[in-house]
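Me: Hey, can you walk me through this structure? I'm new to this, so plain words please.

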Amino acid sequence: MAINIYGIKNCDTMKKARAWLDQHRVAYDFHDYKTAGIERAKLQGWAKKAGWETLLNRAGTTFRKLPDKDKAGLTETKAIALMLDQPSMIKRPVLELSGGRLLVGFKPETYRDAVCG
């Protein structure tokens, strides 16, 4: 099973997700979108599968520090533009599984069901 995990290396949730995968001997490729960037087409595909509202990390510091005018009237197009400009606004991790399945965020039970079950 081909698994790609997307996120930011130093994020605590990413560390937990990668540790879980390592402990369960699940092979994966890691893409750090803070250093390697993220393609618009990839974000748009994720938005279609998971919804842009799910992808946008509104709880993070980067989003909270935005001026109110940037937070107001969010649409998918505007949210994708924000996430492309500042990948820290993408909820972490994003796990791509073979067959196009997508998991956003980390919950051990969801990972277990997806990759071990």
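**Two helices and what surrounds them**

Reply: Sure, let's start with a helix pair: α2 and helix α6 (residues 76–85) pack at an angle of about 135 degrees, and their axes are 10 Å apart. Axes here are lines fitted to C-alpha atoms, for helices over the stretch in contact, and angles run from 0 to 180 degrees between N-to-C directions. Helices (H or I, at least four residues) and strands (E, at least two) are DSSP runs, numbered from the N terminus. One caution: this is a predicted model, where local features need pLDDT of at least 70 and side-chain atom pairs count only at pLDDT 80 or more, while totals for chains, interfaces and linings use all residues. Residues are numbered from 1 along each chain as its sequence is written, and side-chain values use heavy atoms, with hydrogens and water left out.

Me: Ok, so what do you call the way α2 and α6 sit to each other?

Reply: They are oblique to each other. Angles under 35 degrees count as roughly parallel, over 145 as roughly antiparallel, 65 to 115 as roughly perpendicular and the rest as oblique.

Me: And which residues of α2 and α6 make the contact?

Reply: From α2 there are Arg 40, Leu 43, Gln 44 and Ala 47, and from α6 there are Glu 76, Ile 80, Met 83 and Leu 84. Contact means heavy atoms within 4.5 Å. The residues of this contact split into five nonpolar, one polar and two charged. Ala, Val, Leu, Ile, Met, Phe, Trp, Tyr, Cys and Pro count as nonpolar, Asp, Glu, Lys and Arg as charged, and the others, Gly among them, as polar.

Me: Let's zoom in on Ala 47. Is Ala 47 buried or exposed?

Reply: Ala 47 is buried, at a relative accessible area of 6%. Buried means under 20% relative accessible area, exposed over 50%, and partly exposed in between (1.4 Å probe, protein chains only). Ala 47 lies in helix α2 (residues 40–50).

Me: What is Ala 47 in contact with, leaving aside its neighbours within four places in sequence?

Reply: That would be Trp 52, Leu 55, Glu 76 and Ile 80. By contrast, Gln 23 is 24 residues from Ala 47 in sequence and 30 Å from it in space, C-alpha to C-alpha.

Me: New topic: how many salt bridges does the count come to?

Reply: Three. A salt bridge is a side-chain nitrogen of Lys or Arg within 4 Å of a carboxyl oxygen of Asp or Glu. In one of them, Lys 42 pairs with Glu 96, and the closest N and O atoms are 3.1 Å apart. That pair links distant parts of the chain, with Lys 42 in helix α2 and Glu 96 in strand β3 (residues 94–97), 54 residues apart. Lys 42 is partly exposed at 27%, whereas Glu 96 is buried at 15%.

Me: What about Lys 69, which residue does it form a salt bridge with?

Reply: Asp 70, with the closest N and O atoms 3.2 Å apart. Lys 69 is exposed at 62%, and Asp 70 is partly exposed at 22%. Arg 112 also forms a salt bridge, with Asp 113, at 3.6 Å between the closest N and O atoms.

Me: Last one: where is the cis peptide bond?

Reply: Between Arg 92 and Pro 93, with omega about -15 degrees. Pro 93 sits in the loop between α6 and β3. Another backbone detail is Arg 25, with a positive phi of about 50 degrees although it is not a glycine. Most residues other than glycine have a negative phi, and most peptide bonds are trans.
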